[in-house]
Amino acid sequence: MGDSASSDWHVRRSLLRAAVFGQDYEHWMREPAAAPSVAIGMLVDVREDSLVLDTDRGTEFFELSPTTETWLGARTSPTALRFGDPVIIRHRTPHTDLPERRVAERIWARIGRVAGTIVDAYGSEFLVDAHGRDRQYIVVAPAASRQIQVRFPRLAPGYLIDVIGTRHRDHLLAVTPATAQPPYHAGHSPAPPMVNGHVAMPVSGSAVWHEPDGEPSGLLGLSYPAIDPEETGTQPVGGTGCVRLPYLSLGSSVRIRNECSGRAAMLPITSEGVTARQFCDRCVKCGTSPKGRVADLTVAAFVELGGSLEDGCFNATLTTRTG
Amino acid sequence: MREVQIPMLTAMLITGFAAKSSYLMQTRTADARMGPTATFPLGSRRPAAAALCVIELALGTGLLLTATYDWASPVSLAVRVAVTLLFGTGAGALWVMRARRPETGCGCFGELSITPVGWRVIVRAVLLCLAALALLDAPPLHMPASAGQAWLTLGLIVGEIVVIMALSPEVSQLMLRLSHADPCEVREVSAARTQSALHASAMWRRYRRFLVTTDPADIWREGCWRFLVYPGVLSSRPVEVVFAVHLSGRGAPVRVGVVDTGTSLPRRDPLPLSNAV
């Protein structure tokens, strides 16, 4: 799975870079952006032992096993899924000589996430500026209200919110907080410490995920918090962010490694990580991340790297080609 | 000797205005580094910070222009009373801030004033208020009558500067910033500056004859390097000439590579000696 236009773009830039420097082209192309173990599509049919998905590659079949975990707002049975549900599957091939036989390991249905600045609040309903994406409408599920209120004590305009839930026609039904609320207003994150010498590589921090908004659903890539201001033509919204990272451009490649699963991949930068810059939080999966958000991955990239969407983040190390 | 407070207070006001307005223009926001305005509602912070800048500029200029006026003249008296009120209010606001927003800097000199408000800053504001109070009935500023008086005035000014510096946490911030330069990978460098550096390089002069146009087809940045791609023709075949310009400043290295358009293989450098690495 991958987006050919974006892939071509970053491959071309890698090639042009190699024409100048020569030495590391192969190293950086050894792990091209691909998500062979991820499928994204609409549910066509589900039975006790199998599931049929309509994806951009056509109709695909996946076996279900007793260990298959399904999420639809909470852990559930695959039979709870309905025709037309948007589904993301991480699968494996148990027999290498039978590549067409694929077993679903994890299934997420209707999952969505909204991170941004609260613009308006009406009781348990919120309008959120998702920083560069369309404004999002959140309804907090009554059962999750207390849990979200504990992690986000200031549910008022100007403060940040980041919640995960299930997608419905015009809103996200929030069922779990994705992080704890920063104590500062949006755009007022503390300045990162000054850098002495060069930025040390790799950088360890938190990798989160975002929903596609105008991007292909299976796009492999990430939103990077430190896009060259010359490229965006504006000063970065919310300052330089909480982590000092080298300036890169859209189409540049970075290497992301999931420290929890051990999986790694080369990914192209496909958008600016405005939201990631706003949150000076830590990921607490498999230990506490040393720094804040270093990458905001697309759904396909996050799942391919072994992340659990309902967790919201994983501890990651990011390596860039700089110097 | 009270009249020597005029240049001191003028310098403080104008410097404060310059530092605050520079920070406001850079960030286009007003945050906790803007001092007491951080206690205002979010929407009022920037206008309040801008108003404070204007007041400081107006009073600093007014103090300077009325320096030779008699203290009893209405304009001079109004300016001096306003300066006293400004520093007095400032001292009070800092005292309140220390109790209510202990993590916030005083914002007196923009982003240099990020150290949380402590007793030194409050004492400085009180001393400046006392200096402004002493000005209320001070005689007009005039040239020293003798060399001895000139030395005395100079000594007084130097002494006051030393005291103010000792009470200013901004000095250590300034020293830190002057001794620190962001590494090239996190430094903002304009594309225009990069192109100027490229056009001044020997690489550009050597390869320019192969280029179809001098407008880059693609520009991107990777840390300390900015890449500029130009369409070109080499041996009657279309090529892409890519320049990598290091962003370390003037005289920075420039490297070059050539790729056949539409293929995935780098082309052998036609001028190999030019690309010594």
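Helices and strands here are DSSP runs, numbered from the N terminus, with at least four residues for a helix and at least two for a strand. Keep that in mind as you look through these close-ups of a predicted model.

**Figure 1. Leu220(A) sits in a loop of chain A.** Find Leu220(A) in the loop between S13 and strand S14 (222–224) of chain A. Is Leu220(A) buried or exposed? A residue counts as buried if 20 or more other C-beta atoms lie within 10 Å of its own. Leu220(A) has 27 such neighbours within 10 Å, so it is buried. Now look for Ala200(A), which is 20 residues away from Leu220(A) along the chain. The C-alpha atoms of these two residues are separated by 26 Å.

**Figure 2. Strand S13 of chain A has a partner strand in S18(A) and another in S17(A).** S13(A) covers residues 203–210. Of its 8 residues, 7 are buried, so the strand is largely enclosed by the rest of the structure. S13(A) and strand S18 (residues 313–320) of chain A run antiparallel and are joined by 6 bridges. To find your way into this pairing, start at Gly205(A), which stands opposite Ala316(A) in S18(A). With strand S17 (residues 293–298) of chain A, S13(A) pairs in the parallel sense, and there are 5 bridges. Here a good place to look is Val208(A), which has Asp296(A) of S17(A) opposite. As you follow the strands, remember that side chains in a regular strand alternate between the two faces of the sheet.

**Figure 3. Cys286(A) has a positive phi.** Cys286(A) is not a glycine, yet its phi is positive, at about 45°. You will find Cys286(A) in the loop between helix H5 (274–278) and S17 of chain A. How many C-beta neighbours does Cys286(A) have inside 10 Å? There are 12, so Cys286(A) counts as exposed.

**Figure 4. Domain 1 of chain A meets domain 2 of chain A.** The domain assignment divides chain A into domain 1 (12–16 + 26–30 + 199–320), domain 2 (38–109) and domain 3 (111–177). Between the C-alpha centres of domain 1 and domain 2 of chain A there are 27 Å. Where these two domains touch, 8 residues of domain 1 are in contact with 7 residues of domain 2. On the domain 1 side, the contacting residues are 4 nonpolar, 2 polar and 2 charged.

**Figure 5. Chain B touches chain A.** Let us turn to the other chain. Chain B has 8 helices and 5 strands, and along the sequence they follow the pattern α-α-α-α-α-α-α-α-β-β-β-β-β. Of the 277 residues in chain B, 36% are buried. How many residues of chain B are in contact with chain A? The count is 30, and they meet 31 residues of chain A. Strand S1 (218–222), strand S2 (225–234), strand S3 (237–246) and strand S4 (254–260) of chain B each supply at least two residues of this side. The largest share, 5 residues, comes from S4(B). By type, the chain B side divides into 15 nonpolar, 6 polar and 9 charged residues.

**Figure 6. Ser236(B) lies in a loop between strands of chain B.** Look between S2 and S3 of chain B to spot Ser236(B). Although Ser236(B) is not a glycine, it has a positive phi of about 65°. Is Ser236(B) buried or exposed? It is exposed, because 5 other C-beta atoms lie within 10 Å.

How values were computed:
Residues are numbered from 1 along each chain as its sequence is written. Chains are lettered from A and ligands numbered from 1 in the order in which they are written. This is a predicted model: local features need pLDDT of at least 70, side-chain atom pairs count only at pLDDT 80 or more; totals for chains, interfaces and linings use all residues. Ala, Val, Leu, Ile, Met, Phe, Trp, Tyr, Cys and Pro count as nonpolar, Asp, Glu, Lys and Arg as charged, and the others, Gly among them, as polar. Two strands pair if DSSP finds at least two bridges between them. Domain bounds come from an automatic or database domain assignment.
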